[in-house]
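The exercises below are to be worked with the sequence and the 3D structure open. Try each task before reading its solution.

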Amino acid sequence: MINDEYKIYWIWLQKVLKYGSNKVSYIAQNYESAKHFYDVGERDWRLSGIFTSKEIRDMLNAKISDARKIYNRCKELGYKIVTYQDEEYPDRLKNIQNPPCVLYVSGSAEILNGNNTSVSIVGTRNATVYGMNTAFEMGLNLAKLGVTIVSGGAIGIDTAAHNGAVKGGGKTVAVLACGINYDYLKTNASLRNVIAQNGALVSEYPPDYPVYSSNFIIRNRIVAGMSLCTLVVEAGEKSGSLITANLALDQNRDVFVTVPHDVEVETSKGVMSLIRDGAKVVTDAEQIFKEYNQDYSKSFESKFKVKKIRDELIEKAAKNMQFTEFAEEIKISKPDLKKQNVKKFPEGLSEEAEKVYNSLGDKKYHIDELSVILDMPIKNLLQIMTELEIFSLVKSYSGRMYEKIKF
């Protein structure tokens, strides 16, 4: 058996659930791996009450041999296969509603994850000269500041942003709406090669998967989900960039726009609607950079002073009889209530996030376990864990597992 046999089962799962399914997180949370899910079989799938009759039929009919062909094709082409359970899988993607099972990568898979600052730059294909120059300058200057630029690899604003990042000596990621090996946009073939050498080409579609119009909307959730924020540079009223911006908002990400050159032109109308909806207007890369420069200690040397740790929430939870009974039922242990060395949290961290951080011991926690310990709804807790992740205070793992990062 090959060492990464498990990847084949994630490929199989993506094939049966289709692209953009909102059931991947459930599977990752309730099963050890895609192979485990495959092995439990039809009875367990039906008893879960999660899957439709069609999905179960697809699971029964889809052949592992077909997934293995995709695996072998990636090996032939030199593409990396990053599954939901791999370390290279972007942590931020795990916190969106419908994360992909698999990402196919040409280039560096390592830059997809970690504490890197990444910004998505998107916009219209029919960009003005002003828009192209703006996207290029934003990509270039953010790259010079150590920011990874994420975009869609299309002509127009995407191309300008990617080129700016490369010119700035930085890293850039293109998330494609077709297979990496599919012959689409020949005019951008040379750019794709440059991106693969200075970052990564990424797709959730198998290597030779063709492009369909529906792919772009599905793809956009990944563009938004991989980044801390999305910057829109020129967009029409019905632009796909507005969809990306709305997806970013749904994922609790910030949305920025550049100053429109002419509010009367078509490519400014989408930007103006975002401004009316509360998007932040920026004029240079530093304004975006300053929003996050205290969040990533690896990139920016922030120094924190000592502050007393408060653990009232965890003490309350540990004394609660309902918690004790439930803890025994799901076989979790009570947290260590010993006080630790006091420290100061980074500026901007919410009080709720501080309390949750203080409650974490030196172990990995499942989100369900934390919900019981803290007596907090999972929906609210996931938002707080995302905040802690942005401030590099926790690290997320597959299956909604979290671990405290000491500072």
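**Exercise 1. The nonpolar cores**

Task: In this predicted model, find which residues of the largest nonpolar core touch the most other members.

Solution.
- Step 1. The largest nonpolar core has 65 residues, and those that touch the most other members are W12, L13, F37 and L112.
- Step 2. Helix α1, residues 6-17, gives the most to this core, with eight residues.
- Step 3. Take F37 and set aside its neighbours within four places in sequence; its contacts are then W12, L13, I27, Y31, W45, F51 and M59.
- Step 4. There is also a second, separate core, made of 22 residues, and I121, A143, A160 and Y292 are among them.
- Step 5. As background, nonpolar side chains in soluble globular proteins tend to be buried together.

**Exercise 2. The chain as a whole**

Task: State how many helices and strands the chain has, and what percentage of its residues count as buried.

Solution.
- Step 1. The count is 18 helices and twelve strands.
- Step 2. The chain has 407 residues, of which 52% count as buried.
- Step 3. Consider the contacts with a separation of 6 or more: residues 24 or more positions apart account for 73% of them.
- Step 4. The exposed area of the chain is about 19,100 Å², and 48% of it is supplied by carbon and sulfur atoms.

**Exercise 3. T83 and K7**

Task: Decide whether T83 is buried or exposed, then do the same for K7.

Solution.
- Step 1. Locate both residues: T83 lies in strand β1, residues 80-83, and K7 is found in helix α1.
- Step 2. A residue is buried if its relative accessible area is under 20%.
- Step 3. T83 has a relative accessible area of 0%, so T83 is buried.
- Step 4. K7 has a relative accessible area of 10%, so K7 is buried.
- Step 5. List the contacts, not counting residues up to four places away in sequence. T83 touches Y6, K7, W10, Y89, C101 and V102. K7 touches I81, T83 and D86.

**Exercise 4. Helix α11**

Task: Find which residues of helix α11 are buried, and where they lie around the axis.

Solution.
- Step 1. Helix α11 covers residues 240-250, and its buried residues are S241, L242, T244, A245 and A248.
- Step 2. Because these residues cover an arc of only 155° around the axis, they are on the same side of α11.
- Step 3. The partners they pack against are β3 (118-122), α10 (213-225), β7 (229-232), β8 (254-258) and α12 (266-276).
- Step 4. Look at the start of α11: a side-chain oxygen of S239 comes to within 3.0 Å of the backbone nitrogen of S241.
- Step 5. After α11 comes N252, in the loop between α11 and β8. Its phi is positive, near 60°, in a residue other than glycine.
- Step 6. N252 has 52% relative accessibility, so N252 counts as exposed.

**Exercise 5. Helix α18**

Task: Compare the span of helix α18 with the value expected at 1.5 Å a residue, and name the elements its buried residues pack against.

Solution.
- Step 1. Helix α18, residues 378-390, has 13 residues.
- Step 2. The expected span is 1.5 Å times one less than the number of residues; for α18 this is 18 Å, and the helix reaches 18 Å from its first C-alpha to its last.
- Step 3. The buried residues of α18 are L381, L382, I384, M385, T386, E387, L388 and E389.
- Step 4. They pack against α6 (91-94), α16 (351-359), α17 (367-374), β11 (394-397) and β12 (401-404).
- Step 5. Check both flanks. D375, in the loop between α17 and α18, has a positive phi of about 55° although it is not a glycine. Just after α18, S392 has a positive phi of about 55°.
- Step 6. D375 counts as exposed because its relative accessibility is 65%.

**Exercise 6. H261**

Task: Decide whether H261 is buried or exposed, and find which residues H261 touches.

Solution.
- Step 1. H261 is in the loop between β8 and α12.
- Step 2. A residue counts as exposed over 50%; H261 has a relative accessible area of 58%, so H261 is exposed.
- Step 3. Not counting residues up to four places away in sequence, H261 touches Y130 and S268.
- Step 4. H261 and T128 are separated by 133 residues in sequence, and their C-alpha atoms are 9.2 Å apart.

Conventions
Residues numbered from 1 in each chain as written. Predicted model: local features only at pLDDT ≥ 70, side-chain atom pairs only at ≥ 80, totals over all residues. Heavy atoms only, no water. Buried < 20%, exposed > 50% of the residue type's maximum accessible area, 1.4 Å probe, protein only. Helix = DSSP H or I, 4+ residues; strand = E, 2+ residues; numbered from the N terminus. Arc of directions from axis to C-beta. Contact = heavy atoms within 4.5 Å. Polar contact = N/O pair within 3.5 Å; in protein donor to acceptor, adjacent residues only side chain to side chain. Core = buried A, V, L, I, M, F, W, Y, C linked by side-chain atoms within 4.5 Å. Areas by Shrake-Rupley, 256 points an atom, 1.4 Å probe, with all protein chains shown as cover.
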